[in-house]
Amino acid sequence: MARRTEGPAAPDAPSQPETPPGGRAPGGATAHAAENLPESLGYRIKKRLLGRPLVTEQLGEEKLSNPIALGVLASDCISSSAYGSEQMLTILVPVIGMSAFSMLMPVTFVILAVLFVLTLSYRQVVMVYTRAGGSYVVARDNFGPNVAQVAAVALLIDYIVTVAVQTAAGTDAIASLVHLLGNGYTGFDRYKLALSVVIVLVLCWGNLRGIREAGRAFAMPAYLFMGAMALVFAVSAIRLAMGDLPHADVHAAGAMTLGGHGGTGVLMGASVFIVLKSFANGGSSLTGLEAISNGVSAFRSPQGVNARKTLVAMSCILGVLVLGVSTLAFITHAIPYNSGNPTVISQEASLAFGGGWLGQAGLVFVQLATALILYTGANTSFNGFPFLASFVAEDSFLPRQLTKRGHRLAFSAGITVLTVIALGLLIGTDGRLDKLVAMYAIGVFTGFFMAGIGMFKHFWTRREARRRTAGLIVNGLAALASAAVVIIFAITKFTEGAWMVVVIFPIGVYSLIRVNRRYREEAEALAAAPADATRPTARKQLMFVLVDRVDLAVLKAIRYARSLRPAELRAVHFMVDSREAERLGAHWDEAEVGDLPLEIVQCPDRRITRALLEYIARAADTPGAQVTLLIPERTYSPILGRLLHRRTPDHIARAVGKLPNVVATIVPFDVVLPRRPAKD
């Protein structure tokens, strides 16, 4: 019968020792010593940076209300309105010139139509699948775990790229503010990449502190941005009605060169390819729509209802913002710049508020709010990526370390992995938004497709006629629209960076399936034990202690071996240097080891591990023998110790553990360095 042993209480958690009146605490000095064990340096640093640890029982308290969830989970989606319209103009302006502003509106309406269909589809996703995971869970439940890895890779790629895109766009917002207030000053551009890197590290730190603190800190910028854009739209509408809303200078220094002949025709020679390319760029406005479905479990109960309400609110806000930014660009002719600064949205704010200190104050407010929501839009990935990675790891398609909650109940390993890869992507593209957008939408729209086609199958198997028909229509349209966007994006943006995603995608899916296969093979190997593996057997216990020097570590191993009362105990040294072996023998004779002789085995070819294996194998061949090898290990400081000393015991234990009837045990000895005497 297994016994359950209570683990240690969380550090700093209140405890109530059961001490009898007038008596001693259970365990006496042992309990007191356990309470005063020193914490490791790494833990002390973690506690200082992240705060006191949260115990598992507090996990239920770490849930998001609808207002905070809208600010946290919708930041990525809402903030994409800051650059979606500009990315469409970036494609159109160099080709059709001023006609780009006329073409902008039809493309915007098509994107809003796709938004409407996807919102209807995801309303059903969050109601049916109330566990976080979004399109991954939908695909897994309807098509099986292997097919679901397509959705997993799509979303994981999207989350990584989102961090890089959002931080790069936020830095562009800051650079645009400096450009406009500094009358064209561009000296700030050299610091853009460094600022983006710092922001990613801050987001990582904030999320490692836990869900609640990340939510409270990162929800406010979303509401500031919505308020700032509402102010821009209101002032622009008033000035437009009064007839004094100015136009941007499309021929300003640094602005994109107008293509075509500058006419007012809608197409002016633009090919279907260019229009589709513009639509693909504008599709970046819809990224982040899946974040709520991926984080349903972060909502308070009833989770499905709250997630659906927040999803609808987010989509309505996004639709208004995208339409508003595109309409203002159409009216004011705010034009993209080759360097990305000033951005279209910053020009719209500058034109709306005008000059003077009041206008500059309004511009500063809008740009800072824009930068904040873009930066915190990256935080959506820090919420979604670790949750999704934990689900995939639970299904044994990713390393299981990703399922472990950390110091503050966050999935620390997932947050760390996301941070490292996103920083590599930022540095690799030099933080250029135009380079990052090229690999942005394929992942997320593949996730949209998997969610739509999965829900289509879900409703195909349902018997409720009314809901079944509506579900089939909505999710069928969502799947078709998403597949069309993926194909358009892959073709039109292939040479601009989308090829990386196209190549990485199948490799990622294969890798996840291969990880799962490895886990299954390991499970089968562990389950294939003989029927009598657990039966007690009477064996002759042979115990060997490896000796490389005579010190406290070796003496501790010998003392431990004798406490086990083996049938035979040997101390063995494998000789590489004869002089060293002679000195060791002399020290052994002087040591207090009783009547235990030191056996010296010659190893002329210096292959100590091989000689050890042959020696142990011969001993294990003795009928009825069970061999235990004790390996003394000296543990030093974690940093210098790894540099100054080899980790030979681990290597020997792995090699010896493969032999039948042989067990390798490492006996650690902590080397505590003496303190240096203080100088007079």
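Which handedness does the β-α-β unit made by β1, α22 and β2 have? The tour below answers this in its second stop.

This is a predicted model, in which local features need pLDDT of at least 70, side-chain atom pairs count only at pLDDT 80 or more, and totals for chains, interfaces and linings use all residues. Residues are numbered from 1 along each chain as its sequence is written, and side-chain values use heavy atoms, with hydrogens and water left out.

**First stop: the sheet**

Select the strands β1 (540-546), β2 (568-575) and β4, then add β3 (598-602) and β5 (662-670). Helices (H or I, at least four residues) and strands (E, at least two) are DSSP runs, numbered from the N terminus. These 5 strands form an open, parallel sheet in the order β3-β2-β1-β4-β5. β3 and β5 are its edge strands, each pairing on one side only; two strands pair if DSSP finds at least two bridges between them. On average, neighbouring strands are turned by 30° against each other, direction ignored. Axes here are lines fitted to C-alpha atoms, for helices over the stretch in contact, and angles run from 0 to 180 degrees between N-to-C directions.

**Second stop: β1, α22 and β2**

Next, select α22 (residues 552-563). With β1 and β2, this helix makes a right-handed β-α-β unit. A crossover is right-handed if, with the strands pointing away from the viewer, the path from the first strand over the helix to the second runs clockwise. Helix α22 lies across β1, β2, β4 and β5, and runs at about 150° to β4. Parallel strands β1 and β2 are joined by 5 bridges; V545 has A571 of β2 as its bridge partner. In β2, 6 of 8 residues are buried, that is, under 20% relative accessible area (exposed is over 50%, partly exposed in between; 1.4 Å probe, protein chains only).

**Third stop: from β2 to β3**

β2 also pairs with β3 in the parallel sense, over 5 bridges. Select M575 to find its bridge partner in β3, Q602. The β-α-β crossover from β2 through α23 to β3 is right-handed.

**Fourth stop: the β5 edge**

Select β4 (residues 625-635), which pairs with β5 in the parallel sense over 9 bridges. Here I631 stands opposite I666 of β5.

**Last stop: helix α14**

Finally, select α14 (residues 344-353), where 9 of 10 residues are buried. Among them are V344, I345, L351 and F353. G354 follows this helix and has a positive phi, near 75°.

Conventions
Contact means heavy atoms within 4.5 Å.
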